[in-house]
Amino acid sequence: MKARHFQFNLGSRSLGWPAKILLSFLALAGIALIVSFGLLAILFAVAVFTATKLMLHLRRALGLSQEAPPANTWEHGVRTENVPDSEASVIVRDIEVEVLPAERLHE
């Protein structure tokens, strides 16, 4: 394999070592700016997300939230089946459970 040699050219003449160092420095500075702006954007997004979650929890804790209470997802008369841990035969009876709505503490 042959090694390839790349050379900066500006116009029709070759750049000297001071120009190469200056262009390399400018390229590194540009890359550093792009990366730092990306990191700042990520940090800002995390800070905004955390602040909104904190404010939501504070509003709920202080009772200032205008949200409706969560819908009751329990069904009346739910039947459960118990599976015995041993191989011995066990009679399992159906149990009906009525779920009553809980009282709200804020009222």
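Select G63 to begin: this residue follows helix α1, and its phi is positive, near 75 degrees. Helices are DSSP runs of H or I with at least four residues, strands are runs of E with at least two, and both are numbered from the N terminus. The model is predicted, so local features need pLDDT of at least 70 and side-chain atom pairs pLDDT 80 or more, while totals for chains, interfaces and linings use all residues. Residues are numbered from 1 along each chain as its sequence is written, and side-chain values use heavy atoms, without hydrogens and water.

Next, select residues 17-62, which form α1. The helix has 46 residues and reaches 67 Å from first C-alpha to last, close to the 68 Å expected at 1.5 Å a residue; the expected span is 1.5 Å times one less than the number of residues.

Now pick L39 within α1. Add I31, V35, I42 and V46: with L39 they make a nonpolar surface patch of about 470 Å². Patch residues have over 30% relative accessible area and no salt bridge (a Lys or Arg side-chain nitrogen within 4 Å of an Asp or Glu carboxyl oxygen); like charges are joined within 9 Å, and nonpolar side chains (Val, Leu, Ile, Met, Phe, Trp, Tyr) within 5 Å. Areas use the Shrake-Rupley method with a 1.4 Å probe, and for residues only the protein chains shown count as cover.

Finally, colour by pLDDT, the predictor's confidence in each residue from 0 to 100. Confidence is lowest in strand β1 (residues 9-10), at a mean of 60, and highest in α1, at 92.
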